[in-house]
Amino acid sequence: MLKLNKTLFVATLLASSLSVAGEWKGEGDLGYNSVAGNSESEALAVKLLIAYVQNDWTHKAEFTANTASTDDRTSAEAYSFNFNSRYEFNADVYGFGNYRYQDDRFSAFEYQSSVAAGVGYHFIKTEETILDGEIGAGFRSSERRDTQEKEDEAIILGKVTFKQQITDTTKFESYLLTEAGDENTYVEGEVALKVAMTEQLALKVAYLAKHNTDVSPGTEKTDRYTTVSLNYNF
C-alpha cells in the first residue's frame, strides 16, 4: 500500500499543477465484478477516470480497485493506477507518455510499475468512430511474490484503442495493451458496452483480461474480470 500511496500522491501533485483554464471531465464506475484466474470470487469493482484537456494537451488519470471476501477472508484484492499525457502534433499524429502501476495481491507479482513514451496515430477519428494505434519504449520494474526477486527491464509498448458509437444510446469500447520485455510480456485487453439511461448515467458491461507470460509454477498466467456496473459521467 505504501507504493500505491506514493503513486496517488504523485498523481495529485501533477493534477494540482495543471491550469484551470482547460476543460475537466471524467467518469466513474461502481458495480459487481466476477473474477477468475488466480482467485475465484465475486467482487466489488470501482473505477475512476479524470481527464484534463487544454489546447493540444490531454492528461488522463485512472484508478481501479477490485475487492472481495469469502467467509470473512479476502479472496481478491487488486489496485491499479495509470497516468497518461498526450500531445497532438497534427490531426493524425500525437506523442504520449504513460505511467502504469498495478498491485494485485493474488497475482504472481507483488507489484508491476512501468514508464513508457512514444508516438500514436489516429487511423480513424470521427464523432462516431475512433481507432488509434500507439508504439513506444520504456522501462518496467516488478517484484515476484514468491521469491521477492525484483526485475528491472526495458520494454516495447504497443496499444490499439477502438471506440464505436453504435446508436444514440449504445457505445462499444475496447483496447489491447502489450508491454514486451526480455523477462516477461504483459498483455491487457478489455471490451465494454455502454447503454445510456440518462445524459450522465449508463449501464456498463465489460470483460477484462490480464496476462503475464512468465509466472511462478502453480500460478495462472491469465486473470479475467467480468463487470456489470453503473457508469456516471461528469
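The following legends describe an overview and several close-up views of a predicted model.

**Figure 1. Overall arrangement of the predicted chain, with one helix and twelve strands.** Read along the sequence, the helix comes before the strands, in the pattern α-β-β-β-β-β-β-β-β-β-β-β-β. The chain has 234 residues, of which 42% are buried. Among contacts with a separation of 6 or more, 49% join residues that are 24 or more positions apart. The accessible surface amounts to about 12,600 Å², and carbon and sulfur atoms contribute 58% of that area. The structure contains 15 salt bridges, some of which appear in the views below.

**Figure 2. Close-up of the salt bridge between Glu27 and Lys194.** The two side chains meet at an N to O distance of 2.9 Å. Because Glu27 belongs to strand S1 (residues 23-36) and Lys194 to strand S10 (residues 185-196), this pair ties together parts of the chain that are 167 residues apart in sequence. Glu27 counts as buried, since its relative accessibility is 18%, under the cut-off of 20%. Lys194 is likewise classed as buried, with a relative accessible area of 9%. Side chains of opposite charge can pair when their charged atoms come close.

**Figure 3. Close-up of the salt-bridge network that links Glu27, Lys171, Glu173 and Lys194.** Within this network, Glu173 forms a salt bridge with Lys171, and the closest N and O atoms of that pair are 3.6 Å apart. Glu173 is buried, at a relative accessible area of 15%, whereas Lys171 is partly exposed, at 27%. The network also includes Glu27 and Lys194, whose side chains form the salt bridge of 2.9 Å shown in the preceding view.

**Figure 4. Close-up of the salt bridge between Glu62 and Lys47.** The N to O distance between these side chains is 3.5 Å. Glu62 lies in strand S3 and Lys47 in strand S2, so the pair ties together parts of the chain that are 15 residues apart in sequence. Glu62 is partly exposed, with a relative accessible area of 26%.

**Figure 5. Close-up of Ser141 and the residues in contact with it.** Ser141 is part of strand S7. With a relative accessible area of 17%, Ser141 is buried. The side chain of Ser141 makes a polar contact of 2.9 Å with the side chain of Asp152. When neighbours within four places in sequence are set aside, the residues in contact with Ser141 are Tyr111, Gln112, Ser113, Glu151 and Asp152. Asp152 therefore appears in this view both as a contact of Ser141 and as its side-chain polar partner, beside a serine that is classed as buried.

**Figure 6. Close-up of Asn55, a residue other than glycine with a positive phi.** The phi angle of Asn55 is about 55 degrees. Asn55 is located in the loop between strand S2 (41-54) and strand S3 (57-70). The relative accessibility of Asn55 is 74%, and the residue therefore counts as exposed, the cut-off being over 50%.

**Figure 7. Close-up of Gln148, a further non-glycine residue with a positive phi.** The phi angle of Gln148 is near 60 degrees. Gln148 occupies the loop between strand S7 (129-144) and strand S8 (150-165). At 47% relative accessibility, Gln148 counts as partly exposed.

Technical notes
Residues numbered from 1 in each chain as written. Predicted model: local features only at pLDDT ≥ 70, side-chain atom pairs only at ≥ 80, totals over all residues. Heavy atoms only, no water. Helix = DSSP H or I, 4+ residues; strand = E, 2+ residues; numbered from the N terminus. Buried < 20%, exposed > 50% of the residue type's maximum accessible area, 1.4 Å probe, protein only. Contact = heavy atoms within 4.5 Å. Areas by Shrake-Rupley, 256 points an atom, 1.4 Å probe, with all protein chains shown as cover. Polar contact = N/O pair within 3.5 Å; in protein donor to acceptor, adjacent residues only side chain to side chain. Salt bridge = Lys/Arg side-chain N within 4 Å of Asp/Glu carboxyl O.
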